[in-house]
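I opened this model to look up how its helices pack and what lines its main pocket. My entries follow in the order I made them.

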Amino acid sequence: MAGQLQTNKIGAPRNDLGIERVEDELLILDKRNQKVHQLNTVASAIWTSISAGEEAKSIVRNIVESYDVSPVAAARDVAQVVDELYALDLLEKPVMQFNN
């Protein structure tokens with residue numbers, strides 16, 4: 001369902017992407033798909049958190065603290081950015097692990 005995080009785990013960024021920081025924004029070079037993507041400040045913060053292996057709840061908490069927005073607005077923004085990153089094929093799907 002778009003706009004809602006269905007899991008707390010987010011897949012990692014693809015390892016073949018070129019990343020360049022320009023002030024508070026990121027440029028992502030996707031050679032595979034021959035595209036360049038520019039992430040705004042909030043999307044860049046979300047990308048950086050994903051790259052560090054943070055889970056969705058932690059990312060939402062960081063956005064609330066950093067940008068003085070409500071938890072509902074932050075969760076919506078994180079879900080929207082994550083959905084878009086998946087749609088652009090910039091994130092790998094998370095690997096499901098089962099405990100025996």
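Entry 1, helix 2 against helix 3. I began with the residues in contact: Ile59, Val60, Ile63 and Val64 of helix 2 meet Pro71, Ala74, Ala75 and Val78 of helix 3. By class I noted eight nonpolar residues in this contact, with no polar and no charged ones. The model is a predicted one, and I read every value below as computed from it.

I then took the geometry of the pair. Helix 2 covers residues 56-67, and its axis lies 9 Å from that of helix 3, at a packing angle of about 125°. Angles of 65 to 115 degrees would count as roughly perpendicular and those over 145 as roughly antiparallel; helix 2 and helix 3 are therefore oblique to each other. I logged the crossing of helix 2 past helix 3 as right-handed.

Entry 2, helix 1 against helix 2. How far apart are the axes of helix 1 and helix 2, and at what angle do they pack? I found 10 Å and about 140°, with helix 1 spanning residues 41-51. That angle makes helix 1 oblique to helix 2. Helix 1 also passes helix 2 in a right-handed crossing.

For the contact I listed Thr41, Val42, Ala45, Ile46, Ser49 and Ile50 on the helix 1 side, and Ile59, Asn62, Ile63 and Tyr67 on the helix 2 side. These divide into seven nonpolar and three polar residues, with no charged one. I noted that Ile59 and Ile63 appear here and also in the contact of helix 2 with helix 3.

Entry 3, helix 1 against helix 3. The axes of these two come within 10 Å and cross at roughly 75°. Helix 1 and helix 3 are therefore roughly perpendicular to each other. On helix 1 the contact residues are Ala43, Ile46, Trp47 and Ile50, and they meet Asp77, Val78, Val81, Val82 and Leu85 on helix 3. I counted by class again: eight nonpolar, no polar and one charged. Ile46 and Ile50 of helix 1 are in this contact and in the one with helix 2.

Entry 4, the largest pocket. I recorded a volume of about 170 Å³. Which residues line the largest pocket? I listed His37, Gln38, Leu39, Asn40, Ala43, Gln80, Val81, Glu84, Leu85 and Leu88. The lining has five nonpolar, four polar and one charged residue.

I sorted the lining by element next. Strand 3 (35-39) and helix 3 (71-87) each supply at least two residues. Helix 3 gives the most, with four. Ala43, Val81 and Leu85 belong to this lining and also to the contact of helix 1 with helix 3.

Entry 5, Tyr86. I placed this residue in helix 3. Setting aside residues up to four places away in sequence, I found that Tyr86 touches Ile10, Gly11, Leu91, Glu92, Lys93 and Pro94. Of these I checked Ile10 for distance: it is 76 residues from Tyr86 along the chain, and the two C-alpha atoms are separated by 9.8 Å.

Technical notes: Residues are numbered from 1 along each chain as its sequence is written. This is a predicted model: local features need pLDDT of at least 70, side-chain atom pairs count only at pLDDT 80 or more; totals for chains, interfaces and linings use all residues. Side-chain values use heavy atoms; hydrogens and water are left out. On a 1 Å grid over the protein atoms alone, a cavity is a set of points where a 1.4 Å probe fits but cannot get out, and a pocket is an open set with protein on both sides within 12 Å along at least five of seven lines; lining residues have an atom within 4 Å of a point. Grid points are joined across faces, edges and corners, and a volume is the space filled by probe spheres set on the points. Ala, Val, Leu, Ile, Met, Phe, Trp, Tyr, Cys and Pro count as nonpolar, Asp, Glu, Lys and Arg as charged, and the others, Gly among them, as polar. Axes are lines fitted to C-alpha atoms, for helices over the stretch in contact, and angles run from 0 to 180 degrees between N-to-C directions. Angles under 35 degrees count as roughly parallel, over 145 as roughly antiparallel, 65 to 115 as roughly perpendicular and the rest as oblique. A crossing is left-handed if the near helix is turned anticlockwise from the far one by less than a right angle, and right-handed if clockwise. Contact means heavy atoms within 4.5 Å.
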